[in-house]
Amino acid sequence: MLNARAAASARLPRWVGRAVSITTTVLLIAVSLLALFTVVIPLVMGAQSYTVLTGSMRPGLEPGTLIAVRQIDPAEIRAGDVITYQLEPGRPEVVTHRVVGLNVSAGGETTFITRGDANNVDDALPALPGQVRGVVVYAVPCRASSTSACYAKERYHEKVDQCEC
């Protein structure tokens with residue numbers, strides 16, 4: 001059987017073997033980089049990965065973009081920071097929006113006024129410090145997550161005809 005394989009491979013032009021080798025190497029590098037940006041770097045940075053599901057942060061964060069979010073002391077958050085926070089305290093659903101202002105209560109508690117970059121109005125409720133998961137430290141445009149983006153579009157009753165699922 002080995003001799004049959006060797007004979008078959010000997011009949012193929014040399015460039016075919018090189019093309020297969022180069023393609024395999026490129027794919028291996030691409031998968032390695034994806035793993036690096038989605039798993040290794042967030043882990044080393046103490047960050048958590050999320051996928052942007054809606055277009056509220058366009059054009060900077062398109063649906064399907066992978067973001068890494070690092071925990072931060074809420075006292076360090078400033079206007080202009082992009083944060084990920086829970087929609088409701090204690091609930092798993094999160095949103096990623098830009099801090100456009102801060103309010104400090106008479107008791108000294110700070111709340112964060114947020115807005116999606118693509119939105120014309122501030123979010124209805126300010127985010128409380130206990131809701132903040134962290135600040136976005138980097139983003140990787142990633143069409144591999146387009147299935148998640150399609151699901152979100154359907155969930156939020158957005159038009160789905162341009163989705164690449």
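Two strands pair if DSSP finds at least two bridges between them.

**View 1. Strand β3 pairs with strand β6 in this predicted model.** Three bridges join β3 (residues 82–86) to β6. The two strands run antiparallel. One bridge sets Thr84 opposite its partner in β6, Gly134.

**View 2. Strand β6 also takes β2 as a partner.** β6 covers residues 132–140. Five bridges link it to β2. Here, too, the strands are antiparallel. Ala68 has Tyr138 of β6 as its bridge partner. β2 itself spans residues 66–70.

**View 3. A cis peptide bond sits between Arg58 and Pro59.** Omega is about 5° at this bond. Most peptide bonds are trans. Pro59 lies in the loop that connects β1 (47–51) with β2 (66–70).

**View 4. Thr110 belongs to strand β5.** The strand runs over residues 110–115. Is Thr110 buried, partly exposed or exposed? Its relative accessibility is 22%. Buried means under 20% and exposed over 50%, so Thr110 counts as partly exposed.

**View 5. Thr110 has contacts beyond its neighbours within four places in sequence.** Which residues does Thr110 touch, once those neighbours are left aside? They are Leu102, Asn103, Val104 and Pro129. Pro126 gives a distance for the same view: its C-alpha atom is 9.6 Å from that of Thr110. Along the chain, Thr110 and Pro126 are 16 residues apart.

**View 6. The whole protein holds three helices and six strands.** The order along the sequence is α-α-β-β-β-β-β-β-α. The protein has 165 residues, and 28% of them count as buried. Its accessible surface comes to about 10,700 Å². Carbon and sulfur atoms account for 59% of that surface. Take the contacts between residues at least 6 apart in sequence: 49% of them join residues at least 24 apart.

**View 7. Confidence varies along the predicted chain.** The average pLDDT of the protein is 81. Scores of at least 70 are reached by 76% of the residues. Over residues 149–165, the pLDDT is below 50. Beyond near neighbours in sequence, this stretch makes 21 contacts in the model. Where pLDDT is low, predicted coordinates should not be read in detail.

Key
Residues are numbered from 1 along each chain as its sequence is written. This is a predicted model: local features need pLDDT of at least 70, side-chain atom pairs count only at pLDDT 80 or more; totals for chains, interfaces and linings use all residues. Side-chain values use heavy atoms; hydrogens and water are left out. Helices (H or I, at least four residues) and strands (E, at least two) are DSSP runs, numbered from the N terminus. Buried means under 20% relative accessible area, exposed over 50%, partly exposed in between (1.4 Å probe, protein chains only). Contact means heavy atoms within 4.5 Å. Accessible areas come from the Shrake-Rupley method with a 1.4 Å probe; for residues, only the protein chains shown count as cover. pLDDT is the predictor's confidence in each residue, from 0 to 100.
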